[in-house]
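This report looks at the cysteines, the strands around β-α-β units and the pockets of one protein model. Please keep the sequence and the structure at hand while reading.

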Amino acid sequence: MLVAGNWKMFKGPGETLAFCRALRAVPRPADVDVVVCPPYVSLAEAVQVLAGTEVGVFAQNCHWADDGAFTGEVSASMLLELGVYGTIVGHSERRQLFGETDEAVGRRARAALDAGLDVIACVGETEAERDAGETEAVLRRQVSALEHDDNLVIAYEPVWAIGTGRTATPEMAQEAHEIVKSVLDVPLLYGGSVKPENARELLAQPAVDGALVGGASLDLPSFEAICRAGSRS
Ligand code: PGA
């Protein structure tokens with residue numbers, strides 16, 4: 001079971017230090033892998049404070065080139081130099097707000113994996129796509145842009161459930177996860193308004209191997225509660 005907190009554009013270095021010190025001090029279930037994904041500018045603090053713990057520090061994106069004229073981008077080798085363990089790619093906010101295509105997401109994932117980072121690649125349909133009955137086709141297209149890798153995890157995040165307080169029903173999550181798994185058999189996270197109140201039920205679905213948590217990961221007690229909900233013990 002993996003529970004990853006995607007902080008998005010929240011928590012600068014100061015807040016990251018405080019959060020990670022507190023996170024370090026709390027007991028975590030042994031059967032749940034915990035990951036935090038701070039913004040780039042806070043990664044060094046997170047790596048420093050969480051060194052020697054089992055908590056992984058991931059970035060929120062990663063460019064495919066090793067270096068070059070790519071203003072605003074960061075490469076896998078730079079992340080590795082910092083001690084970062086992995087990265088998210090293809091988050092729906094990157095796809096929707098910054099125009100990232102399936103092809104770009106596939107290149108980012110491949111380069112990060114080849115460099116030695118773990119990758120959480122996000123997929124998911126919009127509300128209009130779901131209403132039009134296109135969920136399966138969209139998921140198949142997005143997942144097909146990725147290649148199998150032992151260090152790849154996919155997060156199914158229906159866009160209409162992100163930050164909205166609406167979650168997929170456990171059955172919807174299970175169904176989408178089966179589609180994803182039929183294309184690429186890698187561990188699968190559910191994401192989209194995961195909260196302490198709904199985490200146990202979502203994480204109990206057989207095809208759900210963990211959660212990618214946005215808003216509820218910013219508050220330590222709620223993040224901890226979600227991590228505990230992922231424990232089978
Ligand atoms: P949310 O975000 O938990 O705030 O809905 C999830 C995500 O975007 O990864």
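A residue is called buried here when its relative accessible area is under 20%. The model is a predicted one, and by that cut-off Cys227, at 3% relative accessibility, counts as buried. Cys122 is buried as well, with a relative accessibility of 2%.

**Cysteines**

How many disulfides does the structure hold? There are zero, a result that rests on a cut-off of 2.5 Å between the two cysteine sulfur atoms of a pair. For Cys122, the closest cysteine sulfur belongs to Cys37 and lies 8.9 Å away, which is too far for a bond. For Cys227, the closest cysteine sulfur is again that of Cys37, at 12 Å, and this too is too far for a bond.

**Strands and crossovers**

Strand β2 has five residues, and because four of them are buried, β2 is largely enclosed by the rest of the structure. On one side of the pairing scheme, β2 runs parallel to strand β1 (residues 2-6), to which five bridges join it, and within this pair Val3 stands opposite Val34 of β2. Between these two strands the chain passes through helix α1 (residues 13-25), and the resulting β-α-β crossover is right-handed.

Strand β2 also runs parallel to β3, with two bridges joining them, and here Val36 stands opposite Val57 of β3. Helix α2 (residues 43-50) forms, together with β2 and β3, a β-α-β unit that is right-handed.

**Pockets**

Rolling a probe the size of a water molecule over the atoms shows where empty space is left. The two pockets described here compare as follows in the classes of their lining residues.

| Pocket | Nonpolar | Polar | Charged |
|---|---|---|---|
| Largest pocket | seven residues | five residues | four residues |
| Second largest pocket | 13 residues | two residues | five residues |

The largest pocket has a volume of about 470 Å³, and of the 16 residues that line it, Lys8, Met9, Gln60, Arg94 and Phe98 lie nearest its centre. Helix α4 (residues 92-98) gives four residues, the largest share of that lining.

The second largest pocket holds about 330 Å³ of space. Its lining has 20 residues, with Leu2, Asp33, Val35, Phe58 and Asp118 nearest the centre. Two or more lining residues come from each of β2 (33-37), β3 (56-59), β5 (118-123) and β6 (152-156).

Methods. Residues numbered from 1 in each chain as written. Predicted model: local features only at pLDDT ≥ 70, side-chain atom pairs only at ≥ 80, totals over all residues. Heavy atoms only, no water. 1 Å grid on protein atoms, 1.4 Å probe; cavity = no way out; pocket = protein on both sides within 12 Å on 5 of 7 lines; lining within 4 Å. Points joined across faces, edges and corners; volume = space filled by probe spheres on them. Nonpolar A, V, L, I, M, F, W, Y, C, P; charged D, E, K, R; others polar. Buried < 20%, exposed > 50% of the residue type's maximum accessible area, 1.4 Å probe, protein only. Pairing = 2+ DSSP bridges. Right-handed = clockwise from strand over helix to strand, strands pointing away.
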